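Student: Could you take me through one part of this model up close? I'd like to look at a single helix and see what sits on its different sides.

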Amino acid sequence: MVCGGFTCSKNSLCALNLLYIMVSLLLIGIAAWGIGFGLISSFRVVGVVIAVGIFLFLIALVGLIGAIKHHQVLLFFYMIILFLVFVIQFSVSCACLALNKDQQHHLLEVGWNHTSSADIERTLNCCGFRTSENQSCVAACAQDNSCRPCEPLIEQHAGEVLRFVGGIGFFFSFTEILGVWLTYRYRNKKDPRANPSAFL
């Protein structure tokens with residue numbers, strides 16, 4: 001049987017959805033592990049990561065059930081939602097990869113001004129964003145006045161993270177468009193084991 005056949009399309013779609021389920025469980029597990037060991041102090045970030053993991057798990061479950069049962073309605077909604085996720089994820093990935101230094105610097109400065117800087121200063125062992133003369137610095141280096149500003153350290157980490165997240169998002173966006181294409185083909189295939197007189 002060729003790979004464009006009913007069974008191959010079904011198995012490919014099931015394998016892709018099992019991959020999405022594993023990725024979603026990995027997201028949920030890493031977020032829970034990070035908060036459990038105190039590596040992540042922001043509950044908002046953990047909440048967003050867990051919510052994305054649960055959303056991906058539910059979408060993959062709908063796709064898996066639709067593929068196993070060849071359920072037309074589930075496959076249709078799975079295909080539409082997966083295409084919308086592809087558009088959003090592709091856009092965000094391109095934005096992460098396209099940010100230049102000035103835009104990145106502006107975003108970091110806005111984020112610094114709208115957050116509590118104590119955790120960042122303590123973790124990176126630095127004081128202040130642009131200048132290290134900060135009276136309320138809680139970093140260990142503040143005891144002997146050997147602190148550096150946090151801006152270059154944050155920019156270095158942020159650049160690495162943006163490239164990593166953009167690349168991973170870019171890769172998974174193409175697996176999503178592959179899922180949309182497989183679902184479209186699979187929906188239009190007739191089950192060879194079904195009653196030949198039954199309506200598609």
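Tutor: Sure, and let's get our bearings before zooming in. Keep in mind that this is a predicted model. Reading along the sequence, you get the pattern α-α-α-α-α-α, so to speak a chain of six helices and zero strands. There are 200 residues, and 32% of them count as buried. The accessible surface comes to about 12500 Å², with 69% of that belonging to carbon and sulfur atoms. If you look at contacts with a separation of 6 or more, 61% are between residues 24 or more positions apart.

Now for the close look: helix α3, which covers residues 72-98. Start with what it shows to the outside. A nonpolar patch on the surface is formed by Phe55, Val73, Phe76, Phe77, Ile80, Ile81, Phe83, Leu84 and Val87, and together they have about 770 Å² of accessible area. Helix α3 gives the most to this patch, with eight residues. Take Val87, one of the patch members, which is also in α3. Is Val87 buried or exposed? Neither, strictly: its relative accessibility is 36%, and because buried means under 20% and exposed over 50%, Val87 counts as partly exposed.

Then there's the inside. Helix α3 is among the helices that each supply at least two residues to the largest nonpolar core, along with α1 (6-36), α2 (43-69) and α6. That core has 19 residues, and the ones touching the most other members are Leu13, Tyr20, Ala67, Tyr78, Leu82 and Tyr186. The largest share comes from α1, with six residues.

Tyr78 is a nice one to click on. Leaving out residues up to four places away in sequence, Tyr78 touches Leu13, Asn17, Tyr20, Ile59, Val62, Gly63 and Thr183. Two of those names, Leu13 and Tyr20, are also on the list of core residues that touch the most other members.

That isn't the whole interior, though. A second, separate core has eight residues, including Leu108, Cys126, Leu153 and Ala158.

For a contrast with Val87, try Glu151, which is in helix α6 (residues 151-187). Its relative accessibility is 17%, so Glu151 counts as buried, given that the cut-off for buried is under 20%. Again setting aside residues up to four places away in sequence, Glu151 touches His105, Phe129 and Arg130.

So, back to your helix: α3 gives eight residues to the nonpolar surface patch, and it also supplies at least two residues to the largest core.

Methods. Residues are numbered from 1 along each chain as its sequence is written. This is a predicted model: local features need pLDDT of at least 70, side-chain atom pairs count only at pLDDT 80 or more; totals for chains, interfaces and linings use all residues. Side-chain values use heavy atoms; hydrogens and water are left out. Patches are made of residues with over 30% relative accessible area and no salt bridge: like charges are joined within 9 Å, nonpolar side chains (Val, Leu, Ile, Met, Phe, Trp, Tyr) within 5 Å. Accessible areas come from the Shrake-Rupley method with a 1.4 Å probe; for residues, only the protein chains shown count as cover. A salt bridge is a side-chain nitrogen of Lys or Arg within 4 Å of a carboxyl oxygen of Asp or Glu. Helices (H or I, at least four residues) and strands (E, at least two) are DSSP runs, numbered from the N terminus. Buried means under 20% relative accessible area, exposed over 50%, partly exposed in between (1.4 Å probe, protein chains only). Contact means heavy atoms within 4.5 Å. A nonpolar core is a set of buried Ala, Val, Leu, Ile, Met, Phe, Trp, Tyr and Cys residues joined through side-chain atoms within 4.5 Å.
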